[in-house]
Amino acid sequence: NPTFDLLNINSNIERKVLGLRIIDNIGRVVISHSITHGNSVIDISDLPKGVYYLIIDNQFQMHKIIKQ
């Protein structure tokens, strides 16, 4: 689903801190963020429109983000 300004992240990971990175389509890290157990909001309003990827450290997960 496309987003405009905010990403809502819900985590039930039992680790105290989880690192997240958002990268652009050429692999540059454009946002680095840490979350704790529960919910977190990441503001992406400063990013230009395009396709990005959310990488969850140590979870081997990557999620596509479409910024409008």
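Which residue in strand 6 is the bridge partner of L20? I looked, and in strand 6 L20 has I56 as its bridge partner.

**Ground rules.** I'm reading a predicted model, where local features need pLDDT of at least 70, side-chain atom pairs count only at pLDDT 80 or more, and totals for chains, interfaces and linings use all residues. Residues are numbered from 1 along each chain as its sequence is written, and side-chain values use heavy atoms, with hydrogens and water left out. By strands I mean DSSP runs of E with at least two residues, numbered from the N terminus.

**Entry 1, the sheet.** I traced an open sheet of 5 strands in the order 1-7-6-3-4, and its pairing is mixed. At its edges I found strand 1 (2-3) and strand 4, each pairing on one side only. I counted two strands as paired if DSSP finds at least two bridges between them. Strands of a sheet pair through backbone hydrogen bonds, either parallel or antiparallel.

**Entry 2, strand 1.** I checked its link to strand 7 (residues 61-67): 2 bridges, with the strands running parallel. P2 sits opposite I66 of strand 7 there.

**Entry 3, strand 3.** I noted that strand 3 is mostly covered, with 5 of its 6 residues buried (under 20% relative accessible area, using a 1.4 Å probe and protein chains only). Strand 3 runs antiparallel to strand 4, and 6 bridges join the two. I found L18 opposite I35 of strand 4. Strand 3 also pairs with strand 6 (residues 50-56), again in the antiparallel sense, over 4 bridges.

**Entry 4, the hairpin.** Between strand 3 and strand 4 I get 5 residues, and in this hairpin G27 takes a positive phi near 90°. I placed N25 in the loop between strand 3 (18-23) and strand 4 (29-35). Is N25 buried or exposed? N25 counts as exposed (over 50%) because its relative accessibility is 63%. I also looked up Y53: its C-alpha atom is 7.6 Å from that of N25, though the two residues are 28 apart along the chain.

**Entry 5, V41.** I found V41 in strand 5 (residues 38-43). V41 has 43% relative accessibility, so I logged V41 as partly exposed (between the 20% and 50% limits). Which residues does V41 touch, not counting those up to four places away in sequence? I listed L6, L7, N8 and H33, taking contact as heavy atoms within 4.5 Å. I also noted I9, which is 32 residues from V41 along the chain, with 6.0 Å between their C-alpha atoms.
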